[in-house]
Structures are given as C-alpha cells and as structure tokens.
Amino acid sequence: MLKYVGQSALRVDGVRKVTGFSRYTDDLKLSGMLYARIKKSPYPHAKILKIDTSKAEKLPGVKVVITGKDVPIRVGLYLEDKTFLAIDKVRFIGEPVAAVAAESEEIAEEAVSLIEVDYKKLSAVFSPLEGIKPDAPLIHEDLGSYKHASIILPQSGTNISNHYKIRKGNTEEGFKEADFVFENEFYVPHIQHSAIENHCAIAQVDPEGKITVWAGCQSPYTVRRTLATAFNIQLNKIRVISPAIGGGFGGKAGTTLEGIVIPLAQKANYRPVKLSFSREDVFTNTFIRQGMHARIKTGVTKSGRIVAEENKFYWDGGAYTEYGVNIARAGGYASTGPYDIPNVKADSICVYTNHPAGGPYRGFGMSEIHFAIEQNLDIVAHKIKMDPLEFRRKNALKDGGRTVTGQVLENVGFVECLDKTAKDIEWDKRVKKVSATKYRGKGIAGMYKAPSMPNNVGSSAIVKINEDGTVNLLVTAMDLGQGSDTALTQIAAEVLTIPISQISIITGDTDCTPYEWQTVASRTIYCCGNSIKRAAEDAKNQMLKLASLKFGIPENDLELKDGQIISKNYPDKKVKIADLAMGLTMPDGSGIHGPIIGRGAFIPPDVKDTDKETGQGDKPVAFWTFGVQAAEVEVDIETGEVKVLKVAAAYDAGKAINPELVCAQIEGGIVQGLGSALLEEMKIEEGKVLNPSFVDYKIPAIGDAPEMKISIVEVPEPTGPWGARGIAEPCMVPTAPAIANAVFDAIGCRINSLPITAEKVLKAIKEKKK
Amino acid sequence: MKHKIRFTINGEVKEIEVQPNKTLLKMLREDLDLIGVKEGCGAGECGACTVLVNNKPVNSCLMLAVEVDGKEILTIEGLSDGINLDPLQESFLKHNAIQCGYCTPGMVMSAKALLNRNSHPKEEDVKEALAGNLCRCTGYKRIVDAVLDAVKKGGGK
Ligand code: FES
Ligand code: FES
C-alpha cells in the first residue's frame with residue numbers, strides 16, 4: 001500500500017510562492033553590483049569589420065567593455081557552433097557583438113549606444129527550404145570543423161547541421177500495396193516560450209578566480225560544463241546556483257546570458273555583474289521554437305491500414321543549432337507519431353537560417369511534427385471515409401507494435417487514452433450548427449514522446465538524515481513550476497516512511513547538490529525520481545544493518561515502517577530513524593558507523609544509438625509517453641473567429657506520483673497548446689522580429705481557457721519509479737492538431753499552417769465556396 | 001531633481017525621495033526591497049507587477065512613483081501578517097493555482113482588488129478582473145476555482 005506516492009500532496013513550494021517570498025534571479029541584490037547591457041547586431045548576416053569601443057570606455061561609470069575577442073571559444077550542447085559574443089560575423093538581428101558593465105543600467109545603456117561597429121552586409125537565408133539549395137549563402141563556413149555529439153550528423157559545406165534518417169521496411173513496396181496515396185504539406189512558425197519571468201544572470205569572480213553564477217536555469221550542471229569549456233576553467237572553479245525559476249518550457253535550458261556576464265565579471269575587480277533581459281530581448285535573444293515545414297506522403301489500404309509513409313521535416317534552426325540539431329533528431333525517431341506503420345522513410349533535416357537561434361520548447365519537436373502527422377491522419381481518414389477515431393485506433397501502436405526505429409513496444413496505453421478522450425468529448429454526439437453563422441466541430445489528435453537525450457546521461461540524489469530523523473534531500477532537478485520539488489519529495493517520503501513535512505528538498509547549486517544532467521525532456525520524475533528512490537533505499541539499508549546489530553536479529557526480519565525500524569516477528573523490538581541517524585551507540589557507550597547519508601544514481605538502462613543510415617535500433621529512448629486530446633470548437637463563419645469550447649485529454653502517466661499536479665500540468669499544457677494553435681507566431685521579416693511584445697505577440701489570457709476534462713491512464717513503465725512516465729511536455733503536443741481537426745469538422749476547411757487565425761479561416765471559407 | 005513623497009505602504013507611513021521618472025515598480029523593488037512585486041514586461045502587458053493603490057489594482061510598471069504621494073499602497077508582502085495567510089492565498093495553495101509562482105503575486109493582488117469591490121463575484125467577474133494578468137503555466141482554471149472558493153469561504157468581506 002502506497003502512502004505518499006499517488007497522493008495529491010500540496011506543493012512544498014506553495015507558501016513561498018503565494019506570499020511572494022520566492023526569490024528569482026532578478027530579485028537578488030549583491031553589494032557592489034554592476035549592471036550589464038549588450039550591443040546587438042542590426043543585420044541578419046554581416047561581416048564585422050571593426051568594433052570601436054573607445055567612446056564607451058571613456059563614459060563615466062563604465063567599468064568593463066568586452067567584445068567577441070574576449071570569449072573566443074565555441075560551445076554548444078550537441079554541436080559546438082556558437083560563441084557568446086559574435087566574433088567575425090553576425091548571423092541574426094540582435095546577436096550580441098559587445099557588452100558593457102557599468103554602475104547603473106542607464107549608464108550601461110548609454111555606453112552601448114556609444115559602441116561603433118562597421119559591418120559588411122552578406123546575403124542571408126530566411127527559410128530552410130532556401131537554405132538547403134546548393135547555391136544558398138553559407139551561414140557557418142566552418143561547420144565541418146565544429147565538434148559535435150556522435151548522434152548528430154552535420155554536412156560540411158552546406159547549411160544542414162543535422163540530417164536524421166529513418167529507413168524502416170521498404171516504402172516503394174509499401175506504396176504498391178496501398179489502395180490510395182495522399183500527399184500533404186504543413187507549416188509551423190517560430191513561437192516563443194514566453195515564460196513570465198524574463199531571463200537574468202549574475203556572475204561574480206572571487207580573488208582566487210572562482211566564478212559564481214546565479215541564473216534561473218533548468219540545467220545548472222550542463223550550464224557549468226558549457227561555461228567551463230567556454231572559459232577554459234576547471235569545473236570546481238565554477239559554481240552555478242539557480243534561484244527560483246519563473247517558468248522555463250525549454251527556454252531556460254541552455255546558456256546565453258551566463259556567457260556574457262562571466263567575462264565582464266572577470267574584469268570587474270571582484271564586483272558582481274547582473275544582466276537582465278527585457279521582454280523584447282527574450283523574444284530575439286533567447287531560444288525560440290524552430291519553424292518547420294513538413295511533407296507527408298501516406299499509402300493506405302481500403303480497409304484503413306496505413307502501409308507506407310514518407311515524411312520530410314525541414315527545420316528552421318536559426319543562426320545557431322547547438323540544441324536544435326537534436327530536435328531534428330527527435331523529430332526523426334518519432335516521425336510517424338504513435339502509429340504502427342510497416343514501411344517508413346523519414347528525413348528530418350535541421351537547416352541554418354538567419355533567424356534567432358531555435359532551441360528546445362516544451363515537446364522538443366513533437367508539437368511541430370504532430371501538428372502535421374495528426375492533421376494528415378485526419379485528412380486521410382476523411383478521404384477514405386473512415387471515422388478519424390476509428391482510423392487512429394486501427395493504426396495505433398499497441399503492445400507488440402513497432403515504432404519507426406523498429407523498437408518493439410510493450411505496456412502501451414494509447415488506445416485506452418483514445419477511448420477515454422472520445423468518451424469525455426462525447427465523440428459520437430455532434431451539434432453542428434448553432435446559429436446561421438456559428439458552426440461547431442470536434443477533433444481528436446494523439447501523440448507520443450520520449451525523452452530526447454544522450455543515452456548515457458545520469459542523475460543522482462543524496463538523502464541526509466538529520467539528528468532528529470528528519471531529512472534533507474539534495475538533487476539538481478529544478479522545479480520550473482511543474483511541481484517536481486513536491487513529487488520528488490513524495491518519492492523520498494514513500495521509501496523512508498516519513499511525512500512530506502519532515503523532508504526538505506534542496507536543489508540547484510553545483511557546489512552542494514549532486515549531479516543532474518538537465519531538467520528537460522520530461523525526464524525528471526523518471527530519472528531523478530529513480531535516483532532518489534535508490535538514495536532513500538540506500539539510507540534505509542544502512543539503518544536496517546544497524547538495527548540488526550542492535551537487536552541481534554537478521555535484517556530480513558526488520559522493516560522500516562512509519563519512521564521506525566521494527567521487527568516483523570517481535571514488534572516490541574523497534575528503533576526510531578532519529579536514534580540511528582548519527583550511527584549506532586553500543587551498550588558499552590562506543591559508537592559505530594556514523595551519520596546516515598544515502599546516495600543514489602541512475603542512468604536509463606540499455607538505451608543505445610540507432611544506425612546512422614537507417615535510424616533503426618531496439619531501444620533508442622528510455623521510455624515513451626502516450627496521450628490524446630480532443631477539442632470542441634465553435635467557428636464564426638462571418639468573422640472567421642475560432643473559439644475553443646472544451647478540451648478533453650487523457651495521458652498515460654504510468655503512475656501519477658501526484659495526480660492533482662499531473663492534472664495541473666495537463667491543463668497548463670492545453671492552454672499553451674491553444675496559444676500556439678490560435679494566437680502565436682513570431683512575425684519575422686528579413687530576419688527582423690516585428691512583434692517582440694505581449695501586445696503584438698498574444699499569449700492566452702484567462703478568457704481564452706476552455707472547459708477542460710482530464711483523465712489519467714496508468715499503464716506502468718517497468719523501469720520508472722512505481723511505473724511513472726514523464727508527462728509535462730506531452731501536455732501541449734496534440735492540442736493544436738486537435739483544434740485544427742475540429743475546425744475542419746465544423747466548416748470543412750483545412751488550415752495547414754499555424755496559427756489558425758480568423759484571416760486564414762475566412763480565406764479558406766471563401767476558397768471552398770469557389 | 002528628486003521629489004519627496006509620502007505614502008502608506010502595507011500599513012506603514014513612508015517618506016522618501018525619488019526621481020521624477022522612476023516607476024512605482026522600480027521604487028518598490030529597488031528602494032523599498034518589496035521584491036514580491038514582479039516585472040514581466042515593463043509595459044503594462046502582463047500584470048505581474050500588480051499592486052493596489054487606494055484599493056485599486058494598478059500595473060506598477062506604468063505608474064510613476066511620484067503619483068503615489070499621499071496614497072495607500074498594498075503589495076503581496078502586506079497581504080498576510082506573516083503568520084496567517086490571506087484567505088485568497090490559502091485558496092491558491094489549496095487549489096494548486098500556482099506553478100512557477102512568477103505571476104502569482106500580481107494575480108493574487110488583482111483578485112484581492114476584485115473581492116474588495118465585489119464580495120460575491122461570479123465566474124465572469126473573476127475572469128474580467130484577471131483579464132490583464134498573464135500566466136503561462138497554469139491554464140488559469142485553478143486560478144478561477146481558487147478565487148471563487150475564497151469567496152465561498154468569506155474571503156470577500
Ligand atoms: S511588468 Fe507591469 S504589466 Fe508587465
Ligand atoms: S504560475 Fe508561472 S506564470 Fe503563472
């Protein structure tokens with residue numbers, strides 16, 4: 001019987017947050033603080049001829065001015081293609097070319113305006129379809145010499161930074177078997193994470209050269225490593241601390257500002273330097289979601305079985321794709337969505353353009369490809385006159401099914417999710433016309449997602465038992481709002497059999513909390529959760545040993561129950577955790593063992609590289625999460641306006657460690673997905689972002705939230721803690737295609753690109769009438 | 001030239017000198033260390049900086065500090081007495097109406113202003129009152145539930 005896992009415990013960070021007490025990076029005020037500003041490129045692609053910083057340096061109050069020369073080492077997560085300040089070339093509008101630290105933000109601002117840069121404009125690339133042409137201007141001439149992870153395949157002498165291929169079965173043969181073949185195209189624009197907290201970083205260098213960085217970051221250890229590479233210093237000489245994080249969604253997974261404040265701080269005579277980005281900076285100078293063009297060719301039989309599929313995904317990776325290359329890879333190994341298709345050929349191609357740098361955004365490629373896959377599926381279902389739900393059920397991955405990489409899956413809850421969602425949206429009931437101008441429709445979409453990460457990245461946890469038997473739990477998985485602090489505490493509580501209130505979780509300090517690769521990929525409950533389970537068990541086992549010595553009874557007769565170790569056969573033999581916390585005191589007054597510290601480490605078992613040419617492999621990912629959403633919309637055919645009335649969702653969480661927080665994640669994901677479906681698009685013209693504010697780039701407000709009905713399915717993942725799978729990112733993946741499919745159901749028009757604006761709807765209605 | 005202004009903040013009378021172009025948000029955060037007040041856009045678009053001035057919700061990033069001369073300000077820091085939470089805060093906690101927490105102070109203050117002027121708001125009133133407060137995490141449903149539940153518990157006096 002589980003006592004803490006599976007309970008909807010209240011958030012452990014809740015009181016700090018409702019009182020406004022939580023400290024985010026920009027809330028930190030250190031004595032002697034200097035303030036930084038960056039000088040940005042006005043051109044999308046240009047050679048830097050000369051930078052003159054002399055006037056800025058002379059401005060009173062200016063302490064440090066740096067340029068690319070000061071940070072010359074290339075860095076990047078999967079592909080080392082960027083420097084923190086541009087060196088000889090700029091590749092997007094807004095790219096930092098110099099930075100200033102001064103006594104106040106106003107002085108820094110003025111100093112930046114005094115920096116003079118001479119450029120020579122170069123022709124630029126604004127679309128991946130342009131970028132792959134043989135005569136396209138090259139954005140990274142030295143791509144062939146960049147270091148990269150073995151799973152990434154850049155093509156030297158082109159703008160292609162990764163090309164991931166899937167060759168499963170034989171599509172030529174497959175298409176021959178098909179009774180019908182359909183081809184469709186889709187487009188997903190750039191959008192931005194729009195966490196309400198803007199990015200901010202502070203760095204300070206002490207007299208021994210040790211650097212401390214404060215930044216709200218999803219991945220303190222990965223940030224530390226990247227910075228250590230960039231500044232050529234030992235890892236123990238750099239400390240990354242993450243205060244509270246005001247939303248991340250992938251946008252705070254990498255390094256940007258940190259690499260600018262460090263070189264400033266190194267010249268600031270031990271004074272701390274803070275760089276706060278404005279909302280506009282966040283839109284243009286931090287990660288954005290990559291744009292994507294999709295082409296899908298589907299072969300299907302009369303009975304509704306998909307027998308072959310050929311997919312091409314062209315990713316608009318932007319100026320730097322250190323992270324984006326792996327999004328293209330994820331798009332490749334998930335390329336048909338959660339369906340079992342025997343013959344698949346897929347090419348997922350990441351292309352440099354002169355747009356702001358693309359990067360991870362909640363779902364990591366899955367929202368983008370599923371918008372195409374799930375609308376395509378709907379189109380095909382309608383063409384062959386089959387109910388879209390039935391068509392999905394028929395082709396769904398089920399136990400024993402094979403993914404596009406050839407992996408055989410077991411414990412698949414997808415069909416259950418389809419059924420639950422269909423029931424909650426009342427799939428079989430339709431009110432089509434509510435007035436002369438208002439039409440309603442329902443649409444459904446499925447999804448699957450796996451954590452996209454290197455195979456061998458680890459997590460670790462430390463459980464320190466305090467003198468009184470309470471616990472400090474140390475990890476570096478970060479709570480960006482998703483509730484991991486709470487759920488991870490529940491995991492420790494379950495093993496240690498003590499209430500959540502007796503455990504304090506401490507995160508985000510590379511000098512104190514143990515290694516965690518990154519808080520991304522919906523991997524935290526699974527990876528960090530497993531490491532916590534092991535750490536707590538380690539602490540428990542140490543105590544069992546001591547209790548066994550104390551009572552002279554074997555360990556297997558002892559158990560940990562409600563905070564004490566007790567004999568199963570002689571229940572009067574018992575000892576509290578507190579009495580073993582510092583070791584065991586023997587009858588003669590001597591002591592043994594010492595304080596109890598549990599350690600746990602975890603790497604997902606048996607995950608291996610796929611074949612470079614075919615993408616085939618037995619286990620390319622740690623686990624899969626499946627989910628389904630269905631939407632009911634109302635379309636006003638006079639204004640073109642789409643209103644989402646209701647969304648039903650079902651996700652297979654494996655085991656919901658905290659069911660309420662799982663539902664809260666799904667609700668948040670739905671509304672974020674709704675934003676991408678109806679509202680959000682970064683308007684970029686000739687490389688210039690035209691709408692870098694919440695006035696011109698609308699995200700959903702309270703009035704946009706639909707009625708939501710959430711179901712949790714629990715088909716355990718055998719390697720997850722109590723069967724848990726990650727769900728945070730999957731929550732927004734199927735929303736946009738479900739809405740697009742509902743719009744079609746309502747008015748019979750397909751909108752193949754996001755967002756589904758009133759203009760596009762009106763245009764489609766007009767064209768249909770013709 | 002700095003201006004001397006006098007106002008009540010979270011129940012305490014304060015007198016300070018401020019630059020005429022300083023926003024209320026900057027004064028609260030920088031001069032008074034009331035860092036529960038958040039900046040999300042600095043341009044009146046997100047509501048993270050919401051505080052009450054004479055019981056009305058304002059975007060403190062749009063108001064000049066000098067404008068609060070003679071007025072009464074309430075920020076998230078003044079909502080609870082440090083021992084007991086305000087019923088609205090209790091309700092946000094209980095309903096999991098919080099994720100990253102960055103919008104929360106502004107959200108709670110906007111809701112507080114609503115309850116000050118309408119002790120029995122309906123769902124539509126809540127949505128209207130919070131229309132200017134953006135939250136990227138929660139999907140809003142639990143925020144609406146939390147406010148309505150606080151009303152039921154007598155949070156709107
Ligand atoms: S910071 Fe004031 S409204 Fe956004
Ligand atoms: S809780 Fe994160 S913005 Fe509202």
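How many salt bridges are there between chain B and chain A? I counted eight, taking a salt bridge as a side-chain nitrogen of Lys or Arg within 4 Å of a carboxyl oxygen of Asp or Glu.

**Ground rules.** I am working with a predicted model, where local features need pLDDT of at least 70 and side-chain atom pairs count only at pLDDT 80 or more, while totals for chains, interfaces and linings use all residues. Residues are numbered from 1 along each chain as its sequence is written, chains are lettered from A and ligands numbered from 1 in the order in which they are written, and side-chain values use heavy atoms, with hydrogens and water left out.

**Chain B against chain A.** I looked up one bridge by name: D33(B) pairs with K29(A), with 2.9 Å between the closest N and O atoms. I also found 25 residue pairs in polar contact, both at pLDDT 80 or more; that term means N or O atoms within 3.5 Å, where within protein one must be able to donate a hydrogen and the other to accept it, and residues adjacent in sequence count only if both atoms are side-chain atoms. Chain B gives 40 residues to the contact and chain A gives 49, with contact meaning heavy atoms within 4.5 Å. The two chains bury about 3800 Å² between them, 58% of it on carbon and sulfur atoms; this is the accessible area (1.4 Å probe) lost on putting two parts together, summed over both. Q99(B), Y102(B) and R136(B) supply 22% of the area that chain B buries against chain A, more than any other three residues.

**Inside chain A.** The assignment, automatic or from a database, gives domain 1 (31-122 + 199-276), domain 2 (288-453 + 609-769) and domain 3 (456-602). I found the C-alpha centres of domain 1 and domain 2 of chain A 36 Å apart. Their contact takes 16 residues from domain 1 and 21 residues from domain 2, and about 1700 Å² is buried there. I got one salt bridge between these two domains. I also noted that K82(A) bridges to E322(A), the closest N and O atoms being 3.1 Å apart.

**The core.** Which residues touch the most other members of the largest nonpolar core? I got I739(A) and F92(B), out of 178 residues. Such a core is a set of buried (under 20% relative accessible area, 1.4 Å probe, protein chains only) Ala, Val, Leu, Ile, Met, Phe, Trp, Tyr and Cys residues joined through side-chain atoms within 4.5 Å. Leaving aside neighbours within four places in sequence, I739(A) has contacts including V633(A), L674(A) and I756(A).

Definitions and conventions
Buried means under 20% relative accessible area, exposed over 50%, partly exposed in between (1.4 Å probe, protein chains only).
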